[in-house]
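Here are a few exercises to work through with the model open beside you. Try each one yourself before reading its solution.

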Amino acid sequence: MGVTGTPGANILAREADLIIGIGTRYSDFTTASKTAFQNPSVQFININVAEFDAAKHGGLQLVSDAKVALEELAAVVTGHQVSSDYEDRIAQFRTQWEKEVERLFHLHNGPLVSQSEVIGIVNSVCAPNDVVVCAAGSLPGDLHKLWRTRDPKSYHLEYGYSCMGYEIAGGLGVKMAAPDREVFVMVGDGSYLMMAQEIHTCLQEHCKLNIIVLDNHGFGSIGGLSQACGSNGFGTHYRYRDGGQLSGDFVPVDFAANASSMGASAVRARTVDEIRHALIRSRAAKQTTVTVIEVDESARVPGYESWWDVPVAEVSETKAVRDVRHDYEVKVKRERRRLIAGQYWQTHTQDQECVIVILGGTVVVEWGEGAHEIGRRKDVFSGYPSAVYLPCNMPFEIAASTNCEFADGRVPSAARLKPRLITPGDCREEIRGGGNATRQIVDIIRPDFPADKLMVCEVYTPSGNWSSYPPHKHDVHNPPGEVDLDEIYYYRVSHPHGYAFQRLYDAAHTRDETLTAVDGDLVLIKDGYHPVVAAHGYDVYYLNVLAGSARSMAASDDPRYAHLRRTGLERDPRVPLVHPELSLASS
Ligand SMILES: Cc1ncc(C[n+]2csc(CCOP(=O)(O)OP(=O)(O)O)c2C)c(N)n1
């Protein structure tokens with residue numbers, strides 16, 4: 001499953017309410033960059049010999065040998081049966097996938113063959129206990145999807161670090177460990193160019209390898225990612241530099257001649273039949289052979305029901321990049337770090353001070369001075385917050401008493417201050433503005449709080465009202481009038497259809513843009529003015545975390561709008577939107 005998984009596996013993982021991880025490190029591939037498990041109440045049981053991996057996703061940790069744990073679990077679930085619909089669905093996914101593999105193995109791609117066709121041929125030429133070895137590029141993902149393993153020790157893939165150059169050296173190691181097995185090394189042309197010289201050692205040690213070089217004239221996988229990021233595969237082809245750009249003809253590399261020069265017997269094969277015959281001869285040969293196959297870079301094995309977090313440039317003059325960035329911003333929001341009732345998260349403030357603001361639910365926080373149960377509101381719209389301030393160098397644990405959500409705000413700090421609990425009763429309320437600029441502020445960490453840099457508050461803006469208004473900025477250190485603070489706005493909106501607009505512009509009028517903020521969005525303000533308005537019909541909450549040149553919230557208004565501070569308008573009677581006592585009522 002995951003980035004290199006099949007559609008059925010990914011759909012089932014997305015919906016599953018229980019994941020049993022057996023020996024998995026929950027890597028970026030496996031978890032589709034933390035987006036693979038979307039069921040809001042999914043739970044994890046992690047069987048692993050490494051505590052570090054067993055703790056991932058806040059899972060129930062079964063630090064154990066997999067076989068022992070599974071035997072014990074099997075006894076516990078004896079008699080449990082999933083529904084026949086679920087079984088049928090799995091069977092259907094499996095049949096559909098078998099068809100897809102057959103399609104990819106027989107693409108009849110031309111004039112060059114596809115990589116998937118080559119994998120199909122190698123798989124069919126291999127005997128069940130032959131070993132396939134690979135490490136980096138597009139091959140490992142394609143092999144994960146397509147290769148049909150028939151013996152537990154016949155699939156040797158270096159997924160851990162995807163280290164280019166491992167392939168031939170790794171194949172040599174496999175052959176030394178299992179001299180009776182035929183070893184098929186599949187290697188991209190990029191990886192081959194990094195470390196082909198171990199062919200020489202194979203000859204020296206009489207270790208026979210079947211090496212298959214798939215030549216797509218460059219870094220096909222990176223080129224594909226670059227294209228997916230709107231960047232057109234820049235610099236990923238082996239092309240001559242031409243007029244400043246790498247846009248000339250392909251640089252011809254004779255891989256067969258290179259391999260022959262080290263004593264291997266080497267052939268080039270182009271068609272499906274030539275490749276099959278070459279591999280059959282290679283398998284029967286006594287010494288290392290290299291089969292060089294030119295493949296069509298554009299005939300890629302697709303991804304299925306999955307996503308990989310490959311960040312896209314935030315600012316670009318290229319429309320394609322801007323379009324892909326838009327899509328990226330939508331998808332990256334599916335990345336989840338969750339804590340549901342009974343789970344816990346152990347972490348450390350390291351070289352930062354930290355505020356944990358409980359957005360909803362109840363947790364037990366512990367930092368070495370006993371356990372503290374905090375959090376009484378159901379969500380941000382139903383009460384005042386509870387929070388914890390933690391200085392640098394502080395290990396701490398958060399255990400969820402109920403399903404919960406919390407914000408973790410941090411800023412670099414070396415100050416050795418005291419941890420502190422902040423209860424709803426410690427928070428101070430302020431109503432700012434009048435008319436349709438009335439909003440409610442709930443201060444959590446004010447400038448006079450004994451923290452190093454952090455300042456934190458929540459702001460409730462009723463539907464249709466303006467907030468952070470008149471527009472103000474805090475980007476120069478000029479106390480007491482203004483100090484230089486960075487600030488985040490973390491938005492929650494009372495309904496999934498709701499939204500706010502936030503205008504970001506600077507005093508020099510070089511930048512002026514308006515963002516649409518929806519539930520869960522986070523906006524970072526480094527400088528300039530940043531007023532907000534809540535769409536009619538939807539109350540808007542944002543959490544502000546600020547830090548900068550002073551423990552002060554001093555800011556300067558945009559002079560054009562400064563007079564609006566004194567309109568004399570009546571307070572909007574809807575404010576306060578949230579009452580401290582609500583937190584108790586909803587506990
Ligand atoms: C030592 C090392 N350097 C860089 C990378 C990043 N990287 C991953 S795949 C790749 C290109 C691989 O090219 P090739 O072997 O031709 O395989 P293809 O992508 O064409 O399938 C690069 C540069 C890596 N995995 N390992």
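Helices (H or I, at least four residues) and strands (E, at least two) are DSSP runs, numbered from the N terminus. The model is predicted, so local features need pLDDT of at least 70 and side-chain atom pairs count only at pLDDT 80 or more, while totals for chains, interfaces and linings use all residues. Residues are numbered from 1 along each chain as its sequence is written, and side-chain values use heavy atoms, with hydrogens and water left out.

**Exercise 1.** Place Glu158 and work out what surrounds it.

Solution. Start with the backbone: Glu158 sits in the loop that runs between β5 (155–157) and α7 (166–177). Next, list its contacts (heavy atoms within 4.5 Å). Skipping residues up to four places away in sequence, Glu158 touches Cys134, Ala135, Cys163 and Tyr166.

**Exercise 2.** Which side chain of opposite charge is nearest to Glu158?

Solution. Lys and Arg count as positive, Asp and Glu as negative; His and the chain ends are not counted. The nearest candidate is Arg25, 7.3 Å away. A salt bridge needs a side-chain nitrogen of Lys or Arg within 4 Å of a carboxyl oxygen of Asp or Glu, and Glu158 has none, though it is buried (under 20% relative accessible area; exposed is over 50%, partly exposed in between; 1.4 Å probe, protein chains only). Now check the backbone: the nitrogen of Tyr161 lies 2.8 Å from a polar atom of the Glu158 side chain.

**Exercise 3.** Is Pro385 buried or exposed?

Solution. First find Pro385, in the loop between β13 (371–374) and β14 (386–390). Its relative accessible area is 1%, so Pro385 is buried. Beyond four places in sequence, its contacts include Val357, Ile422 and Glu458.

How values were computed
A polar contact is a pair of N or O atoms within 3.5 Å; within protein, one must be able to donate a hydrogen and the other to accept it, and residues adjacent in sequence count only if both atoms are side-chain atoms.
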